[in-house]
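Me: I'd like to go through this one with you, a question at a time. Here it is.

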Amino acid sequence: MTLTPHEVAVSQLATDQAVPLDRIKSLRFIKNNIIGNKTKKDLYIQLGIVSRLQDIISTKDDKDSQLKIQAVIVLGSFAFGNESNILALTNSGVVEPLLNCLNIVGDPKLIEAAARTLNAIYSSPKVSRQQLFMGNHLHVLVQLLDTFSNKHRPGQEIIQVHTAELVASILARCCETLEQQMQIADSGAIPLLMRLLASGVSKSQEAALGALAALVKDNPELAQVIAQMRLEKGERPAPFILRLVRDKSPTMRLAAATCLTYLNRAGVIPEHNSDIMLTVLPILVKMLQLTGSVQETAPQVLAHLIWESENMQKAVCDMEAIPKLASIISQMDEEDNVYGIVGQKDKLKENSLLALAAISQLKEDCRKQVIEAKVLSHIVSAMSHPSVGVRAAACQCTRSLSRSVKNLRTSLVDAGIENPLFQLLSDEDLGVLRSATATLCNIVLDVSPMKKTIMERGIVSKFVRMISYGDNVVRLNTVWAIKNLVFEAESDVKENVMRQFGYNNLVLLLNDSEPAVQEQALNLVRNLAHRREHDIEQVFKGLGNGQLLSIIEEKLSWDDPKLLEHALYVLVNIATGSEYHKQSILKRQGILRSVLRSMNHESPAIRVASIWVIINLTWPDDKVPDSVHECVTLLRSMGIEDRLLALNADHDLDVRDRVKTALQHFLADQQQYGHGNNSNNNNNNGVSSTTTRAMSTTTGMMSPDLTGSGNGRHSHMSSRHHNPQQPPQSNDPSASSSSGDAHGGSGGAGSAMDTTHIVTGRSGAGGGHDRR
Amino acid sequence: MPVFAQICSADPVVTFDDGGMIAVSTCNCGADIGAAIGGDSVIESADDYTNSNHSTTNVSSRFIHIDGIRHSTTCAFALSATNSFNFNLNTLTLTPAQRSILILKQQQQQLIAGLALLRKQQQPLVPGGATTRNGALGATRQQVRREKKDPFDAVRLMPSRISHLYAGSRFQGRQKSGSNSYEVMVDIKDVNLKDSSLCGYLHIKGLTDEYPELTTFFDAEIIGSAHSFVTKKWDASAKTDKEHWTLFKPFEPMCDIFTNDDFKYDFQGKDVIFMRWKEHFLVPDHRVEGITGASFAGFYYICYNISKGEIEGYYYHQSSEKFQKLMLSHVQERPTSFGSFEFR
């Protein structure tokens, strides 16, 4: 049997085999063989070299570090440029001994080599970062960032600076979670990184920028801390970094732009908004025409920066970024076709698609430019790309473009997004599934011709599986899609959807742990109960009359204005239904009191919604005049007419217009029934004064005592609800609650309702419950 | 135990003169509390220090020190260190040297206190492998495991409305062309006030024999900060603009100024909204091109009266009959139901 020189070299590495010098020789031989040679690297890994190397770097013997250094360098060589090799290394457990090589009093060359190898290993996102945060490792790493104190040996300054740069780069790669970011911040890395930033050494500055960017990325808390610090000369970091954005080196420009992007998104440098618009944006757009890693990363940073800002999206549009991105994407497709190279530039494609998604997110003008750039067919084919990142980004792009009735009716149909989209709804990757379900929300709208075909393919049957997928975003997108699908839909479509989806699932969503899901579920109820009496009846049957209104009553008590608005519109829509539907609302004192309270809500949209409830409930109906009259009487007794009168002076035009309509209903009732019949126990003087005021205000003449009417009415109310047979100092709790504040009217009303014939059952204790 | 003093200057020397503050010590959790930062390093101004310190303490029950190190407020030493700093910063009458001595004394006391605490507590090992020096903080963080917000989460396009202009709203009326009059119905499909735009379908009856009912998609530019009264496209000249806009009575006050570059109309809060409606393609089949006897190449000048719920419009196209008038009023269902959709 003969051994190849490679096998010999590996065997000589064994601890008990050879004198140290031979082992170093073998390592040098191996190193020279594998550099840049993937086949040889694979060969050595198969020969089991990794565990040998691991043994070498794990020894406690520190007398001669040469052997360790060579072993660490060879490990680094394996780690460069190949993810599967990196995983082979980490699976053998090399990270821990490598971290142990970082010893502040050890050989600086060994430390540098170990840092370099670790940095290469952490280039793979698949490697666990856990070990770095265990024991003392992070602490030691941070010490290595300190190139300024004199603790280290003299004559090693350059190697110390290199080490610090590598450490900064390692830290930048270990900021994936909030937890990790916070631990690194806790360890005291930030001031040292700031010193590195101000060091004036280009490479160190780039490394520091990378680490600072990673620390502030999606972390407003740390962003705030860093933005508020000061550099040596008292300067804040942001203006300093802004100068680096104009550096001659593209990598420095990118690093600085990235850092500023994250600070900007965290909202901690508002004073530099215009600098970012005028300096950072154009520099990022210009980078799209560079090559290599800068071109690859720039679109992702650009997307991040402009994602939430309409102005920045518009500005980037004006800088002709769309044609540039479009040509990157379409050229890449052509190269793929010619050379069959797949996978090499996936990241560039993914990032460019993401940038297009960002630009076209909010403005129709920008969407139009994307369509005109003739890139849509490439986006659609990217939806079936082998890389998950590309698929998700392509889907984000179609999501942005589908936020437009025009595109839904035209270009998206022509491009045929429906097929690939339907495929992606079964994708195994969560990111893809999230963006696919988000896009689906727009595709199923009534304005989209694709709605019909995608329903025929059985989209409804997929909904149940999608909400039970176990991901909050997918669940939110699903209920959003259902809500959009039933918007303005025919009764049979609604029934079909709910038959397959199940009202039991709807109830679960209405009580979901995520308020955002609840909001969409309420909106779904609103759309189901929309337009036709039959549709309202279906919801009543599906949820059960009692359960439906109990849910609404509960949601009305929430502070979240979005939930409140949808809950009110559910009532608005139910109130367009039959007599039975209206009565089921009127029976609920809690609901009526919430409506009354919402009429004073700070948001005009909610005031309008609550007034619509009143308008629909009191709509004159010749077929059932008595019940409308009873309804008006009840609402009047609760103080709703008074609240409407007060809203006559609302600053919002829409509110005032709705108030006019509502008051007309009260006035019509007054004219038909007069004040005598109003209610058995009513104080006639009080009612007639209301009527006078209603008449004067609806004809546009403001009653002079209008501002004082609140107090007047409250005293009237409290006098009214006291039973004359009782002593004047009643211990009724609502008597004291009606003392002049906004809730007073309804407080009194709780008791007043006892005296009406419409409401049965509940007692005046409601006056106390009114205040939440 | 990690020794944090190493990253800081070893000697607790206070040098206020050159702007640096030093308070080196060890607290129970092993971290340096007093922001041991020398004159040549990162320096925080005194005001920033006190302010940021207070606010973060209040909000999150821990504070982030100017050295960027976060400390749990459960650490007794941390609190006393904070207090001493605030105190010192307020005693402005002291000379730098006096202040230095004062701070040094306090630090010595605190150091003793800190070491006492240090002996009592062991570093906890947090499940999941990571050791945190700040025991209490580490524990809370484990309980409330926060996730980073997805930076690419879609920005919501909340449906907007202004009186009768909302998705699902309908208008009905007629368009007059010479002696002919056609029944018209408008469906509003989407309103985006932030983008100063809306869109919908325009149905017109009896225009041609081939299409007894014709539906087109149109979008609207709402005149305001984003769109001026001056059209500058669709073959409309300044003269055309003037001759059409002046047909609307509420336009009168703007008649002489609407071409000024600095004139911007704000539709918010007004009783009248001006728009341009431009038809783009046929519904349902957008691919159909050219219909005999009908054209939608032009656009409408539109004036919507909010309180009346009425829309008045004039169609303009170079080669069409001039001033074809559109009169629409809002279709009020009685009572009214409102659905709602939102783009995702």
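Reply: A quick definition to start: buried means under 20% relative accessible area, exposed over 50%, and partly exposed in between (1.4 Å probe, protein chains only). This is a predicted model, where local features need pLDDT of at least 70, side-chain atom pairs count only at pLDDT 80 or more, and totals for chains, interfaces and linings use all residues. Residues are numbered from 1 along each chain as its sequence is written, chains are lettered from A and ligands numbered from 1 in the order written, and side-chain values use heavy atoms, with hydrogens and water left out.

Me: Is Lys232(B) buried or exposed?

Reply: Lys232(B) sits in the loop between strand 6 and helix 5 (238-245) of chain B (DSSP runs numbered from the N terminus; helices are H or I, at least four residues, strands E, at least two). Its phi is positive, about 60 degrees, though it's no glycine. With a relative accessible area of 72%, Lys232(B) is exposed.

Me: And where is Glu488(A), which also has a positive phi?

Reply: Glu488(A) isn't a glycine, yet its phi is about 60 degrees. Its relative accessible area is 22%, so it counts as partly exposed. You'll find Glu488(A) in the loop between helix 31 (472-486) and helix 32 (491-501) of chain A.

Me: Which residue does Arg156(B) meet in a salt bridge?

Reply: A salt bridge here is a side-chain nitrogen of Lys or Arg within 4 Å of a carboxyl oxygen of Asp or Glu. The rule finds six across the interface of chain B and chain A. At 2.7 Å, N to O, the partner of Arg156(B) is Glu519(A).
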